[in-house]
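Visitor: Hi, I'd like to get to know this protein. Can you walk me through the model?

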Amino acid sequence: HQSYKDHAKIVNAIVSNDELAASEAALEHITVGGNGFTEFVSTLPETLIETHEAAYPAPTVTSLPAARR
């Protein structure tokens, strides 16, 4: 997966104390990955992204495992 490769490149640069390479790799990842993420979000149903409550509904007592009730 490309995102994993991008993150590995960033981490390797950080571990190598190569600030410039880390910065460039992070910027490239955000620029390229951000476009893919934007495209992905544009395919989501509006009801999923229009409100926080729609995306993350509050759990109900019946939806919790018995140990957490």
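**The overall fold**

Guide: Sure! Going along the sequence, the pattern of the protein is α-α-α-α. Keep in mind that this is a predicted model.

Visitor: How many helices and strands does the protein have?

Guide: There are four helices and zero strands.

Visitor: And how much of the protein counts as buried?

Guide: Of its 69 residues, 9% count as buried.

Visitor: OK, let's zoom in on H1. Which residues are buried there?

Guide: Asp 6, Ile 10 and Ala 13 are the buried residues of H1. Looking down the axis of H1, they fall within an arc of 65 degrees, so they line one face of the helix.

Visitor: Is there some general reason for spacing like that?

Guide: An α-helix has 3.6 residues a turn, so residues three or four places apart point the same way.

Visitor: Which residues are exposed on the other side of H1?

Guide: Those are Tyr 4, Lys 5 and Val 15.

Visitor: Back to Ile 10. Why does it count as buried?

Guide: Ile 10 has a relative accessible area of 14%, and buried means under 20%, so Ile 10 counts as buried.

Visitor: What does Ile 10 touch, leaving out residues up to four places away in sequence?

Guide: Ile 10 touches Ala 22, Ala 25, Ala 26 and His 29.

Visitor: New topic: what happens just after H1?

Guide: Asn 17 takes a positive phi there, about 60 degrees.

Visitor: And how far does H1 reach?

Guide: H1 has 14 residues and spans 20 Å from its first C-alpha to its last, close to the 20 Å expected.

Methods
Residues are numbered from 1 along each chain as its sequence is written. This is a predicted model: local features need pLDDT of at least 70, side-chain atom pairs count only at pLDDT 80 or more; totals for chains, interfaces and linings use all residues. Side-chain values use heavy atoms; hydrogens and water are left out. Buried means under 20% relative accessible area, exposed over 50%, partly exposed in between (1.4 Å probe, protein chains only). Contact means heavy atoms within 4.5 Å. Helices (H or I, at least four residues) and strands (E, at least two) are DSSP runs, numbered from the N terminus. The expected span of a helix is 1.5 Å times one less than its number of residues. The arc is that of the directions from the helix axis to the C-beta atoms.
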